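Here are my notes on this one, point by point. Have the coordinates open while you read.

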Amino acid sequence: MQAKLISLDGDRPIVLSKDVTVVGRKRGICDVFIDRSSVSKLHCVIVKTDGLLFIRDLGSTNGTKVNGQRVVRGALLPGDELAFANARFRVHLGPTESPDDDRRPERTEVIDSYSPRSERRRESFDNDDDAGDLEGLGSASDVRLLDDSNG
């Protein structure tokens with residue numbers, strides 16, 4: 001199964017080739033690097049298993065939303081809108097494409113979209129050592145969606 005996130009902002013699609021994908025703006029740690037100041041350094045994790053996608057927010061400041069609803073963790077279905085802060089994507093799940101397609105599974109995906117002013121603000125945070133501990137992310141069996149009133 002091929003899983004990809006199709007940008008609703010005009011950026012190129014992101015192929016989710018790993019079973020566990022870390023999304024954020026911490027270069028060198030995140031598998032999907034989104035260079036926007038509204039995206040946390042370690043924003044969320046996407047897990048691909050048995051033809052399904054699951055998402056887990058990593059305590060991001062501006063949240064992860066599925067179909068406009070802020071979530072801590074949840075399942076993703078084809079056609080769902082997934083947002084990391086203000087970076088919006090449409091979830092695509094389908095058959096694996098031919099082996100000669102333009103996928104590079106072991107490289108970090110990069111989305112560059114920032115202003116120089118936000119870059120200066122971001123640089124002051126890049127020296128923080130907040131790689132954090134990715135253990136204890138829960139399992140696929142404890143999936144639940146939360147609305148904004150529940151935090």
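1. Is K18 buried, partly exposed or exposed? K18 counts as partly exposed, at 27% relative accessibility. Keep in mind throughout that this is a predicted model, and the numbers below are computed from it.

2. Stay with K18 for a moment and look at its partner. The side chains of K18 and D31 meet in a salt bridge, 2.8 Å from N to O. K18 sits in the loop between β2 and β3 (20–24), while D31 belongs to the loop between β3 and β4, so this pair ties together parts that are 13 residues apart in sequence. D31 itself counts as buried, with 17% relative accessibility. With the cut-off for buried at under 20%, I'd quote the percentage along with the label. The two side chains also turn up as a polar contact, again at 2.8 Å.

3. Now the sheet. It is an open one with 6 strands, in the order β2-β1-β11-β10-β7-β8, and the pairing is antiparallel. β2 (14–15) and β8 (69–71) stand at the edges with a single partner strand each, so one side of each is left without a neighbour in the sheet. As background, strands of a sheet pair through backbone hydrogen bonds, either parallel or antiparallel.

4. Zoom in on β10 and β11. Strand β10 covers residues 81–84 and strand β11 covers residues 87–94; the two run antiparallel and are joined by 4 bridges. If you want a place to check the register, A83 stands opposite R88 in β11.

5. How many aromatic pairs does a search of the whole structure find? The search comes back with 1. The pair is F84 with F89, and its geometry is tilted: 5.6 Å centre to centre, with 50° between the planes. Both F84 and F89 are buried. F84 falls within the residue range given for β10, and F89 within the one for β11.

6. Back to charges. The whole structure gives 5 salt bridges. One of them joins D9 and R88, where the closest N and O atoms are 3.9 Å apart. D9 lies in the loop between β1 (2–7) and β2, whereas R88 is in strand β11, so the pair ties together parts that are 79 residues apart in sequence. Since a salt bridge has to fall within 4 Å, I'd flag the 3.9 Å of this pair when you list it. Both ends are partly exposed: D9 has a relative accessible area of 35%, and R88 has one of 33%.

7. Another salt bridge is made by the side chains of R36 and D11, at 3.4 Å from N to O. Here R36 comes from the loop between β4 (32–35) and β5 (44–49) and D11 from the loop between β1 and β2, so parts that are 25 residues apart in sequence are tied together. What about burial? R36 counts as buried, at 9% relative accessibility, whereas D11 counts as partly exposed, at 25%.

8. These contacts shouldn't be read one by one. Through shared partners, salt bridges join D9, D11, R36, E81 and R88 into one network. That network takes in both of the pairs from the last two points, D9 with R88 and R36 with D11.

9. Which cysteine sulfur is nearest to that of C30, and how far away is it? The nearest is that of C44, 9.0 Å away, and C30 is in no disulfide. C44 is in no disulfide either, and its nearest cysteine sulfur is that of C30. The structure as a whole holds 0 disulfides. Both cysteines count as buried, C30 at 1% relative accessibility and C44 at 0%.

10. Last stop, G51. This glycine has its place in the loop between β5 and β6 (52–57), and it is partly exposed, with a relative accessible area of 36%. Leaving aside residues up to four places away in sequence, G51 touches M1 and L93. G51 and G94 are 43 residues apart in sequence, yet their C-alpha atoms are 9.0 Å apart in space.

Terms used:
Residues are numbered from 1 along each chain as its sequence is written. This is a predicted model: local features need pLDDT of at least 70, side-chain atom pairs count only at pLDDT 80 or more; totals for chains, interfaces and linings use all residues. Side-chain values use heavy atoms; hydrogens and water are left out. Two strands pair if DSSP finds at least two bridges between them. Rings of Phe, Tyr and Trp (its six-membered ring) pair if their centres lie within 6.5 Å; planes under 30 degrees apart count as stacked, over 60 as edge-to-face and the rest as tilted. Buried means under 20% relative accessible area, exposed over 50%, partly exposed in between (1.4 Å probe, protein chains only). A disulfide is a pair of cysteine sulfur atoms within 2.5 Å. A polar contact is a pair of N or O atoms within 3.5 Å; within protein, one must be able to donate a hydrogen and the other to accept it, and residues adjacent in sequence count only if both atoms are side-chain atoms. Contact means heavy atoms within 4.5 Å.
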